[in-house]
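Here are my notes for you to read alongside the model. They go from the protein pairing to the DNA and then to the sheets.

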2 protein chains.
Amino acid sequence: MATAENVTEPMASWDPYTRGCPSRDLLDQIGSKWAVLVLGELGKHGACRFTRLRQRLAGVSEKMLTQTLRTLERDGLVRRTVYPEVPPHVEYELTPLGQTLRGPLRALTQWSVEHVDEVLAARQEYDVRAEGTA
Amino acid sequence: MATAENVTEPMASWDPYTRGCPSRDLLDQIGSKWAVLVLGELGKHGACRFTRLRQRLAGVSEKMLTQTLRTLERDGLVRRTVYPEVPPHVEYELTPLGQTLRGPLRALTQWSVEHVDEVLAARQEYDVRAEGTA
DNA sequence: GTGGCTACTTACCGATGGAGAGTGACCAGG
DNA sequence: CCTGGTCACTCTCCATCGGTAAGTAGCCAC
């Protein structure tokens, strides 16, 4: 259940349905397109360098990958390790906290893969009906 | 460009790590801030009217709520029922397909609530270190 | 001394999201 | 008869966000 190591007693309960609640913010972050994919990739294959990650997430811009990784690092979900070499060498991997997100994220990713066909069908049907209405 | 309309052929397996894959798109949609909250709310409390939904999701703009609901309806996750009355009366509820998303989404929402404190702490630590570096 | 490697950073620009006012249909009150 | 209120939008304006592409830094091979 709850972690036994809370430094201080947290608020009775955070609620993402409340305006301005940090949990809503966090939910938004971890659910964002690139964050889901980065975390998924690091979860599946372990530590990874910047360029490799960029290749695996076909289509990310360098800017967004950097930005996503920074946010994830700041949130304590990803650890960034710099090896002072030339050319630069940086590795990213999940922290223990990041590991705890693997389950929920995998469930979401799997859902989207498994139900894509149904959704695509629903869209077609919707669009056909919309055309008829228009 | 390639036509995206003959998607009836179910690919061997969709992969969100592939550029332009519909599953990546879908993952993005269902993970978006307002979609998560709308689906969560409809999952918890059942059918709901527009205005009520707007109150529960403290902070949504009407525009975004409308847009989110339309997308969800088009994707076959939410059913929209209009009662031809005055003043207008519209109800939204999860479809069976939408119901299958409850689990994954609840897991994600719960994670964010349960780990907000750790993340907040990590952010503080990161910011302190960053200040020292700067 | 030019190019290449790696991991960024910066500048620019179109797309997206939020705030807030307007719309249409109808009815109750004055 | 005219105003105000209800509900579910819809439209407009502006700020922020995401994508594209070019630039940066340090060192090495050619």
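1. **How the two protein chains meet.** In this predicted model, 54 residues of chain A are in contact with 55 residues of chain B, where contact means heavy atoms within 4.5 Å. The size of an interface is often given as the accessible area lost when the parts come together. Here chain A and chain B bury about 5,300 Å² between them, and 67% of that is on carbon and sulfur atoms; buried area is the accessible area (1.4 Å probe) that two parts lose on being put together, summed over both. On the chain A side, Tyr17(A), Arg74(A) and Trp111(A) lose the most area to chain B, together 16% of what that side buries.

2. **Ground rules for the numbers.** Local features need pLDDT of at least 70 and side-chain atom pairs count only at pLDDT 80 or more, while totals for chains, interfaces and linings use all residues. Residues are numbered from 1 along each chain as its sequence is written, chains are lettered from A and ligands numbered from 1 in the order in which they are written, and side-chain values use heavy atoms, with hydrogens and water left out.

3. **Charged and polar links across the interface.** Four salt bridges are counted between chain A and chain B, a salt bridge being a side-chain nitrogen of Lys or Arg within 4 Å of a carboxyl oxygen of Asp or Glu. Arg123(B) forms a salt bridge with Asp75(A), with the closest N and O atoms 2.6 Å apart. There are also 17 residue pairs in polar contact between these chains, both residues at pLDDT 80 or more. A polar contact is a pair of N or O atoms within 3.5 Å; within protein, one must be able to donate a hydrogen and the other to accept it, and residues adjacent in sequence count only if both atoms are side-chain atoms.

4. **Which parts of chain A build that side?** The elements of chain A that give two or more residues to the side touching chain B are α1 (22-31), α2 (33-45), α4 (62-74) and α6 (102-133). Helices (H or I, at least four residues) and strands (E, at least two) are DSSP runs, numbered from the N terminus. α6(A) gives the most, with 19 residues. By class, the side of chain A that touches chain B has 27 nonpolar, twelve polar and 15 charged residues; Ala, Val, Leu, Ile, Met, Phe, Trp, Tyr, Cys and Pro count as nonpolar, Asp, Glu, Lys and Arg as charged, and the others, Gly among them, as polar.

5. **DNA strand D.** 22 residues surround DNA strand D, the closest being Lys63(A), Thr51(B), Glu62(B), Arg80(B) and Tyr92(B); a residue is near a strand if one of its heavy atoms lies within 4 Å of it. Sugar and phosphate account for 58% of the atoms of DNA strand D that come within 4 Å of the protein. A polar side-chain atom of Arg80(B) lies 2.5 Å from a phosphate oxygen of this strand, and a side-chain N or O atom of Arg49(B) is 3.0 Å from a phosphate oxygen. For Val90(B), a polar backbone atom is 3.3 Å from a phosphate oxygen of DNA strand D. The largest share of the surface near DNA strand D, four residues, comes from α4(B).

6. **DNA strand C.** DNA strand C is surrounded by 22 residues, with Glu62(A), Arg80(A), Tyr92(A), Lys63(B) and Met64(B) the closest. Three side chains of chain A to look at here each have an N or O atom by a phosphate oxygen: Tyr92(A) at 2.4 Å, Arg49(A) at 3.0 Å and Arg70(A) at 3.2 Å. The surface near DNA strand C has nine nonpolar, four polar and nine charged residues.

7. **The sheet in chain A.** Chain A has an open sheet of three strands in the order β1-β3-β2, with antiparallel pairing; two strands pair if DSSP finds at least two bridges between them. β1 (48-49) and β2 (78-83) stand at the edges, each with a single partner strand, so one side of each is left without a neighbour in the sheet. β2(A) and β3(A) pair over six bridges, and Thr81(A) stands opposite Glu91(A).

8. **Chain B strands.** In chain B, β1 (residues 48-49) and β3(B) pair in the antiparallel sense over two bridges. Glu91(B) is the bridge partner of Arg49(B) and also of Thr81(B). A hairpin joins β2(B) to β3(B) through five residues.
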